[in-house]
Amino acid sequence: MGVKERKEREFKRREEEILETAHQLLCNMEPQKMTMELIAEKAEIGRGTLYKHFKSKDEIYAHLMLRRRKKFIQRLKDINQEEEEKILKLVRSYMEYCLIDPQDFAVHKRCEQHCLRSNLGQHIINALDAQQNEKIKLIDQILQTAIGKNTVNTDDLSYYICAGWGMQRGAIDALLENRFGDVIQNRDKYFKTVEQMLLGGLPAIYR
């Protein structure tokens, strides 16, 4: 391995360590309290070194979002390779994605809520937008394959995607934030209820 390759690998390794440090901090504190100085201290690097990797907390938020969303996009690609029950698998996969590690999901939400696009470089904005577009495209492909390309108006399908996504996210947030107190005793039953409401609300051609 040449000197250049070794330096690039070391740079990437340190970048991952910084992101992991920021992630751990966000598990235990609100974003407003996390400073670049604190990240540098916990990562045991100098502030100058930190700023060589990330110019602001917003860049760190964005990279954490990119890292997590990449996992979900791979889930969508896997579903696209399946032959049956794609819509049901899509609903379940998103719930699993959010709840398999609630703490990681909470960090992701904090990053989404506090990341200011105005503080990001254009290349990061492009990466975020490309990821979002890829996610929507994959979801559209899953639904179109499941229901048939000639049976639904594209504009109508977009509304179902947006409404369904919002309903599902709201159901998950309500559970994680314990808005119902002790009402929900059985998570599996709650998830199945969410699935029935989402899929039962679709026109017959979608099911």
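**Note on the predicted model**

1. The place of S118 is the loop between α6 and α7. The model discussed here is a predicted one. With a relative accessibility of 67%, S118 counts as exposed, because the cut-off for that class is over 50%. S118 and G170 lie 52 residues apart along the chain, and their C-alpha atoms are separated by 27 Å.

2. A second loop residue offers a contrast in exposure. S56 is located in the loop between α3 (47-53) and α4. Its relative accessible area is 15%, so S56 is buried, the limit being under 20%. When neighbours within four places in sequence are left aside, S56 is in contact with M36 and N119.

3. The nonpolar interior may be considered next. In soluble globular proteins, nonpolar side chains tend to be buried together. The largest nonpolar core here has 28 residues, and I39, L50 and I60 are the members that touch the most others. Two or more residues of this core come from each of α1 (3-28), α2 (36-43), α4 (57-80), α6 (102-114) and α7 (122-147). A second core, separate from this one, holds 27 residues, including C98, L99, I139 and L198.

4. I60 merits its own entry. If residues up to four places away in sequence are not counted, I60 touches I18, L19, A22, M36, I39 and F54. I60 is also one of the α4 residues that meet α1.

5. The packing of α1 with α4 can be described in figures. Two packed helices are described by the angle between their axes and the distance between the axes. For α1 and α4, the angle is about 95 degrees and the axes are 10 Å apart. The two helices are therefore roughly perpendicular, as that term covers 65 to 115 degrees.

6. Which residues of α1 and α4 meet? From α1 the participants are E16, I18, L19, E20, A22, H23 and L26, and from α4 they are I60, Y61, H63, L64 and R67. By class, this contact between α1 and α4 comprises seven nonpolar, two polar and three charged residues.

7. Helix α5 can be checked for its length. It covers residues 86-99, and at 1.5 Å a residue its 14 residues should span 20 Å; the C-alpha atoms at its ends are 20 Å apart, so the two values agree.

8. Is α5 mostly covered or mostly uncovered? It is mostly covered, with eleven of its 14 residues buried. These buried residues are K86, I87, L88, L90, V91, S93, Y94, M95, Y97, C98 and L99. Two of them, C98 and L99, also belong to the second core.

9. Q168 lies in helix α8. Q168 has a relative accessible area of 4% and is therefore buried. Sequence neighbours within four places aside, Q168 is in contact with V91, Y94, M95 and L198. Among these contacts, V91, Y94 and M95 are buried residues of α5, while L198 is a member of the second core. The C-alpha atoms of Q168 and R92 are separated by 10.0 Å, although the two residues are 76 residues apart along the chain.

10. R169 also lies in α8, a helix that covers residues 154-176. Its relative accessible area is 19%, so R169 is buried, given the limit of under 20%. With neighbours within four places in sequence set aside, R169 is in contact with Y94, F105, K109 and E112. Y94 is likewise a contact of Q168.

Notes:
Residues numbered from 1 in each chain as written. Predicted model: local features only at pLDDT ≥ 70, side-chain atom pairs only at ≥ 80, totals over all residues. Heavy atoms only, no water. Core = buried A, V, L, I, M, F, W, Y, C linked by side-chain atoms within 4.5 Å. Buried < 20%, exposed > 50% of the residue type's maximum accessible area, 1.4 Å probe, protein only. Helix = DSSP H or I, 4+ residues; strand = E, 2+ residues; numbered from the N terminus. Contact = heavy atoms within 4.5 Å. Axes fitted to C-alpha atoms, helices over the stretch in contact; angles between N-to-C directions. Parallel < 35°, antiparallel > 145°, perpendicular 65-115°, else oblique. Nonpolar A, V, L, I, M, F, W, Y, C, P; charged D, E, K, R; others polar. Expected span 1.5 Å × (residues − 1).
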